[in-house]
Amino acid sequence: MLICSEKYNDEELRALLRKKLDAARYEHSLGVAYTACNLFLSHGHGSTEELSRVYTAGLLHDCAKCLDEDKRDKYIKKYNVELSEMETQHPYLIHAKLGAVLAKEKYGVTDEEILSSIRWHTTGCRNMSFMEAVIFSADFIEPNRKQLSCYGEIRPLIYKDLDKAVYLILKHTLQHLNDKGQPIEEHTKEAFEYYSELCEREVK
Ligand SMILES: [Fe+2]
Ligand SMILES: [Fe+2]
């Protein structure tokens with residue numbers, strides 16, 4: 001597999017990530033990379049360039065997930081990463097924004113769509129590009145994930161109607177956060193509104 005980095009080839013990048021992530025997170029990252037490639041292929045995007053780009057996004061999407069607090073804060077300061085109030089209160093959200101920064105600064109990725117796919121993989125956002133929606137969805141369905149009851153509906157659908165699958169993933173996420181009494185991030189709310197309207201329009 002080719003890798004879209006100005007610093008590392010595929011083997012080097014995987015070796016580096018294996019050191020930076022814990023074993024389960026590394027397996028998950030490989031799972032997202034291959035699931036995302038599979039989704040690209042199933043939707044008719046099969047060129048080596050397209051697969052390399054989405055594979056790179058999948059592999060790196062959680063590159064900031066296993067940082068300890070000190071290191072995370074050091075990078076936030078070093079790269080002037082602006083945090084929202086929600087991210088400050090719920091630091092697990094930071095890894096998406098910081099991951100996009102590290103993918104560029106430390107892993108040598110300059111492709112803006114790869115970086116934005118990493119940026120939006122946790123919350124989603126309105127009107128995601130195809131690659132952004134694929135990484136968002138692959139992160140949710142890749143095989144190493146804990147099995148969820150909604151997989152029966154979402155996994156087959158994702159290969160046929162990606163927008164509808166994104167909508168169902170967002171719906172599940174909102175339900176899950178509501179059940180746990182947790183607040184909902186602004187971009188997730190906006191994404192849910194956008195994709196529910198989009199799916200309603202398509203039904204009419
Ligand atoms: Fe993540
Ligand atoms: Fe992930």
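Is aspartate 62 buried or exposed, and what is its relative accessible area? I looked this up before anything else. Aspartate 62 is buried, because its relative accessible area is 2% and the cut-off for buried is under 20%. I note here that the model is predicted.

**Entry: iron ion (ligand 1)**

I listed the protein donors of the iron ion (ligand 1). They are Asp62 (OD), His95 (NE2) and His121 (NE2). They lie 2.1 to 2.2 Å from the ion. Along the chain I read their spacing as D-x32-H-x25-H. I then placed the two histidines. Histidine 95 sits in helix H6 (residues 94-105). Histidine 121 is in the loop between helix H7 (112-119) and helix H8 (130-141). The two are 26 residues apart, and the pair links distant parts of the chain. I checked exposure as well: histidine 95 and histidine 121 are both buried.

**Entry: iron ion (ligand 2)**

Next I took the iron ion (ligand 2). Its protein donors are His28 (NE2), His61 (NE2), Asp62 (OD) and Asp139 (OD). Their distances from the ion run from 2.2 to 2.3 Å. The spacing along the chain reads H-x32-H-D-x76-D.

Why does the arrangement around the iron ion (ligand 2) come out as irregular? I went to the angles. The 4 donor atoms subtend 82 to 175°, so the arrangement is irregular. For tetrahedral, every angle would have to lie between 85 and 135 degrees.

Aspartate 62 turns up at both ions. I recorded it as the bridge between the iron ion (ligand 2) and the iron ion (ligand 1), which are 3.4 Å apart. Aspartate 62 lies in the loop between helix H3 (48-60) and helix H4 (69-78), and aspartate 139 lies in helix H8, so this pair ties together parts 77 residues apart in sequence. I looked up aspartate 139 too. Aspartate 139 counts as buried because its relative accessibility is 8%.

**Entry: largest pocket**

I moved on to the open spaces. The largest pocket has a volume of about 800 Å³. Its lining holds 29 residues. Nearest its centre are Thr122, Phe140, Arg145, Thr173 and His176. Helix H2 (23-42), H8 and H10 are the elements that give two or more residues to this lining. H10 gives the most, with 6 residues. I sorted the lining by class: 11 nonpolar, 10 polar and 8 charged.

**Entry: helix H10**

H10 called for its own note. I find 18 residues in helix H10, numbered 162-179. From its first C-alpha to its last, H10 reaches 25 Å. That is close to the 26 Å expected at 1.5 Å a residue. I listed the buried residues of H10: Leu162, Ala165, Val166, Tyr167, Leu168, Ile169, Leu170, Leu174 and Leu177. Just after H10, glycine 181 has a positive phi of about 70°.

**Entry: cavity**

How many cavities of 30 Å³ or more are there? I count 1. The largest cavity has a volume of about 50 Å³. Its lining is made of Glu87, Leu93, Ala96, Arg119, Thr122, Thr123 and Glu185. By class I get 2 nonpolar, 2 polar and 3 charged residues. Thr122 is one of the residues of this lining, and Thr122 is also among those nearest the centre of the largest pocket.

I followed threonine 122 one step further, to isoleucine 94. Their C-alpha atoms are separated by 9.5 Å, with the two positions 28 residues apart in numbering along the chain. Isoleucine 94 lies in helix H6. Isoleucine 94 counts as buried because its relative accessibility is 3%.

**Entry: positive phi**

Most residues other than glycine have a negative phi. So I looked up two asparagines.

Asparagine 80 has a positive phi of about 50°, although it is not a glycine. Its place is in the loop between H4 and helix H5 (85-89). Asparagine 80 counts as exposed because its relative accessibility is 66%.

Asparagine 127 has a positive phi of about 45°, and it is not a glycine either. I find asparagine 127 in the loop between H7 and H8. Asparagine 127 is exposed, with a relative accessible area of 52%, and the cut-off for exposed is over 50%.

Conventions:
Residues numbered from 1 in each chain as written. Chains lettered and ligands numbered in written order. Predicted model: local features only at pLDDT ≥ 70, side-chain atom pairs only at ≥ 80, totals over all residues. Heavy atoms only, no water. 1 Å grid on protein atoms, 1.4 Å probe; cavity = no way out; pocket = protein on both sides within 12 Å on 5 of 7 lines; lining within 4 Å. Points joined across faces, edges and corners; volume = space filled by probe spheres on them. Nonpolar A, V, L, I, M, F, W, Y, C, P; charged D, E, K, R; others polar. Donors = N, O, S within 2.8 Å, 3.2 Å for Na, K, Ca; no water. Helix = DSSP H or I, 4+ residues; strand = E, 2+ residues; numbered from the N terminus. Buried < 20%, exposed > 50% of the residue type's maximum accessible area, 1.4 Å probe, protein only. Tetrahedral: all angles 85-135°; square planar, octahedral: opposite > 155°, others 65-115°. Expected span 1.5 Å × (residues − 1).
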